[in-house]
Amino acid sequence: MFSFLKTILVSSANPPPAEADTGTKGASDAPHTGQHKPSEKDASRRSTSTDSDSGETTPKAQPATSKTLPPVPTFTLDTGAPDDEDDNLPPPSFPAVNSAQRASAPSNLMGPPSLRPSPQSQLAAPQRMAPPRLPPSSAATLRALPSGPLPNRGPPSNNLAAPSGIAVRTPNPRQKVQLRAGYSPLDWATLINSGTNLSGVSKLERVTPSMLKQNNGRKGRPAWSSYQGKVYNITPYLPYHPGGEGELKRAAGKDGAKLFAEVHPWVNWENMLGACLVGIMVSENDARAKMDSELEALD
Ligand code: HEM
C-alpha cells in the first residue's frame, strides 16, 4: 500500500518527458517507476514522428487550445434582483398552459410572478388547488344510473337510489318475496344437507305424464314438477322459494323447465332439489310395458 503511494508520489514528482512533439502514444509505455528509459520502441516512434514532420499524413492528437473549444456557458445565481426581470420568463410548462388544472388553480400557485395576487388576496385565497371543473355534459354522464342489468351480474336491485335520495324503479324489478322466519335460503341448505328424504316416496319412481299431471299440489296431493326428464317433489320447497309459493306452483303437475329458465337460468335446480327427487319421466307406453312384464314374471 505504502509502496504504491510512494510510486504515485515519485511518478508525479518526476513526470515522464513531454511528448507533445511525438503525440501521446508513448505515455502508456512509460514504466511505473517514472524513470522513463527511452526504449527501441520509443526510438522507432520518434523516428516515425520525425517522418510525419517530414510530410507523412498520419493524424496526430493535438493539444486542446482555447481556439478549438466552444465557449463555456456561465451561470449566475439570482442574488435578489427585482421581480421585474422575472416577468419576461415564460410560464412553467406543467400543467399545460390550457389545462383544467391551470384554469382552476389559484393564481398564486401558477403562472409567472407578474400574475400573482397582492399579499392581501393571497391570505384570503384557499391554499389547496380546487378540483378541475368538468363540462356539464360529462358531469351528467357520471351521475346517470344504469338502466339495464350490469354485465356479468344478476338483475339490478329495484331499490337503487337516485342522487336526490328518492328511490327509483328499474325497468327489470326483482320479484323476490319476503320469506318467513326459518325459511331462508340458508335454512333450505341446512335442511337438504341433513340427509332428510324430502321426495315423499320410498324408492325412485317411473313417472308417467298422467302421474305428473295428477300430482299438482291440489286437494292434499303433493306438487311434482319435472326438469329435463327428472321429477321432483317441490312441496317442501314452496315456503323457501324466494320468488314466492304462487310462482313456484305454476310449475306444479307439469314440466317446469321453460318457466324456470325464463326467470332464473343461473339457479342450479339439481343441487337445490336433490333431496326431493321422485324419479324419472317415462312414456305411458313404457310404463304399461313394464307393468305387463312384471305381471308375466308373477305368472
Ligand atoms: C323448482 C324449481 C325452482 C327453484 C329451485 C327455484 C329457485 C329460486 C331461487 C334460488 C331464487 C332466487 C334467485 C336469486 O336470488 O338470484 C328464485 C327466485 C325466483 N323464482 Fe324460482 N325456483 C324454481 C322455480 C321457479 C318457477 C317455476 C318460477 C316461475 C314460474 C320461479 C320464479 C321465481 C321468481 C319470480 C323469483 C324472484 C325473481 C328473481 O330472483 O329474479 N321459480 N327461485
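**Figure 1. An open sheet of 5 strands with mixed pairing.** The strand order is β1-β5-β3-β2-β4. β1 (205-207) and β4 (254-255) are the edge strands, each pairing on one side only. The model shown here and in the other views is predicted. Strands of a sheet pair through backbone hydrogen bonds, in either the parallel or the antiparallel sense. The protein chain as a whole holds 11 helices and 5 strands.

**Figure 2. The antiparallel pair β2 and β3.** These two strands pair over 4 bridges. Ser-225 stands opposite Tyr-232, a residue of β3. The loop between β2 and β3 (230-233) holds Gln-228. Gln-228 is not a glycine, yet its phi is positive, about 50°. Is Gln-228 buried or exposed? Gln-228 counts as exposed, because it has 10 C-beta neighbours inside 10 Å and the cut-off for exposed is 12 or fewer.

**Figure 3. Lys-219, a second view of a positive phi.** Lys-219 has a phi of about 55°, although it is not a glycine. The residue sits in the loop between α7 (209-214) and β2 (224-227). Lys-219 has 6 C-beta neighbours inside 10 Å, so it counts as exposed.

**Figure 4. The largest nonpolar core, with 16 residues.** Trp-224, Val-231, Tyr-232, Ile-234, Tyr-237, Cys-276 and Val-278 have the most contacts inside this core. β3 and β5 (277-281) each supply at least two of the core residues. Tyr-232 of β3 also appears in the strand pair, opposite Ser-225. Which residues does Ile-234 contact, leaving aside its neighbours within four places in sequence? They are Ala-223, Ser-225, Leu-248, Ala-252 and Cys-276. Cys-276 is itself among the core residues with the most contacts. Over the protein chain, 10% of the 299 residues count as buried.

**Figure 5. The shell around the ligand, 23 residues.** Pro-242, Gly-243, Glu-247, Ala-251 and Leu-259 come nearest to the ligand. Which helices each supply at least two residues of the shell? They are α8 (245-249), α9 (257-263) and α10 (269-273). By residue type, the shell divides into 12 nonpolar, 7 polar and 4 charged.

**Figure 6. Gly-244 and Val-177, 67 residues apart in sequence.** The two residues are 5.7 Å apart in space, C-alpha to C-alpha. Gly-244 lies in the loop between β3 and α8. Gly-244 has 15 other C-beta atoms within 10 Å, so it is partly exposed. For the protein chain, consider contacts between residues at least 6 apart in sequence: 55% of these join residues at least 24 apart.

**Figure 7. Helix α11, residues 284-298.** What span should its 15 residues have at 1.5 Å a residue? The expected value is 21 Å, and the end C-alpha atoms are 21 Å apart, which agrees. An α-helix has 3.6 residues a turn, so residues three or four places apart point the same way. Of the 15 residues of α11, the number buried is 0, so the helix lies largely in the open.

Technical notes. Residues are numbered from 1 along each chain as its sequence is written. This is a predicted model: local features need pLDDT of at least 70, side-chain atom pairs count only at pLDDT 80 or more; totals for chains, interfaces and linings use all residues. A residue is buried if 20 or more other C-beta atoms lie within 10 Å of its own, exposed if 12 or fewer, and partly exposed in between; C-beta atoms are placed from the backbone. The expected span of a helix is 1.5 Å times one less than its number of residues. Two strands pair if DSSP finds at least two bridges between them. Two residues are in contact if their C-beta atoms, placed from the backbone, lie within 7 Å. A residue is near a molecule or strand if its C-beta atom, placed from the backbone, lies within 6 Å of it. Ala, Val, Leu, Ile, Met, Phe, Trp, Tyr, Cys and Pro count as nonpolar, Asp, Glu, Lys and Arg as charged, and the others, Gly among them, as polar. A nonpolar core is a set of buried Ala, Val, Leu, Ile, Met, Phe, Trp, Tyr and Cys residues joined through C-beta atoms within 7 Å.
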